[in-house]
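I opened the model to take notes on its pocket, its core and a few single residues. The entries follow in the order I looked things up.

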Amino acid sequence: MGLDRFEDWLATQLRDPRFRKGYEREKRSVFLAYRILTLRQKLGLSQTTLARRMKTSQQAVARLESGEYKGFTLTTLEKVAEALGAELVLDIRRPARRSAV
């Protein structure tokens with residue numbers, strides 16, 4: 001399936017409110033995992049070093065970075081941010097109206 005065909009398929013699927021809700025939830029998990037992974041790598045830290053700073057295991061850090069982890073809590077995100085020397089920024093807002101893709 002080419003990218004254009006995928007984008008067309010996704011645009012069609014996103015019209016379904018149940019699909020859209022699941023898609024947005026997954027997108028958030030992948031985004032958080034990506035942000036943790038890229039910042040850790042940018043700082044030159046291993047998963048083991050980050051885990052030590054967070055007082056957890058390397059396996060726990062791997063789960064956070066997997067994109068499949070669904071158990072993010074405020075406490076976990078605070079620990080990650082502190083261990084990375086980063087600022088945790090949270091926002092709650094109404095979603096912007098946008099196109100399907």
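Entry 1, the largest pocket. I am working from a predicted model. I looked up what lines the largest pocket and found 35 residues. Those nearest its centre are Arg 28, Phe 31, Leu 32, Asp 91 and Arg 93. I then checked which elements give two or more residues to this lining, and they are H2 and H5. H2 gives the most, with 13 residues. For the volume of the pocket I noted about 1,500 Å³. I also sorted the lining by class: 18 residues are nonpolar, 14 are charged and three are polar.

Entry 2, a residue of H2. I picked Ser 29, which lies in helix H2. Is Ser 29 buried or exposed? Its relative accessible area is 7%, and the cut-off for buried is under 20%, so Ser 29 counts as buried. I listed its contacts, leaving aside neighbours within four places in sequence. Ser 29 is in contact with Gly 67, Tyr 69, Lys 70 and Phe 72.

Entry 3, the largest nonpolar core. I counted 12 residues in this core. Among them are Ile 36, Leu 45 and Phe 72, the last of which is also a contact of Ser 29. The elements that give two or more residues to the core are H3, H4 and H5. Which of the elements gives the most to this core? I found that H5 does, with four residues.

Entry 4, one core residue and its contacts. I chose Val 61, a member of the core. Setting aside residues up to four places away in sequence, I found that Val 61 touches Gln 47, Leu 50, Ala 51, Met 54 and Thr 56. Of these, Leu 50, Ala 51 and Met 54 are listed in the core as well.

Entry 5, helix H5. This helix covers residues 74-84. I noted its buried residues as Thr 76, Leu 77, Val 80, Ala 81, Ala 83 and Leu 84. Why do they lie on the same side of H5? They cover an arc of only 165° around the axis, which puts them on the same side. Next I looked up what covers these buried residues, and the cover includes helix H2 (17-42), helix H3 (47-54) and helix H4 (58-64). Leu 77, Val 80, Ala 83 and Leu 84 also appear in the core list of entry 3.

Entry 6, the end of H5. Just after the helix, I noted that Gly 85 takes a positive phi of about 65°.

Note on methods. Residues are numbered from 1 along each chain as its sequence is written. This is a predicted model: local features need pLDDT of at least 70, side-chain atom pairs count only at pLDDT 80 or more; totals for chains, interfaces and linings use all residues. Side-chain values use heavy atoms; hydrogens and water are left out. Buried means under 20% relative accessible area, exposed over 50%, partly exposed in between (1.4 Å probe, protein chains only). The arc is that of the directions from the helix axis to the C-beta atoms. Contact means heavy atoms within 4.5 Å. On a 1 Å grid over the protein atoms alone, a cavity is a set of points where a 1.4 Å probe fits but cannot get out, and a pocket is an open set with protein on both sides within 12 Å along at least five of seven lines; lining residues have an atom within 4 Å of a point. Grid points are joined across faces, edges and corners, and a volume is the space filled by probe spheres set on the points. Ala, Val, Leu, Ile, Met, Phe, Trp, Tyr, Cys and Pro count as nonpolar, Asp, Glu, Lys and Arg as charged, and the others, Gly among them, as polar. A nonpolar core is a set of buried Ala, Val, Leu, Ile, Met, Phe, Trp, Tyr and Cys residues joined through side-chain atoms within 4.5 Å.
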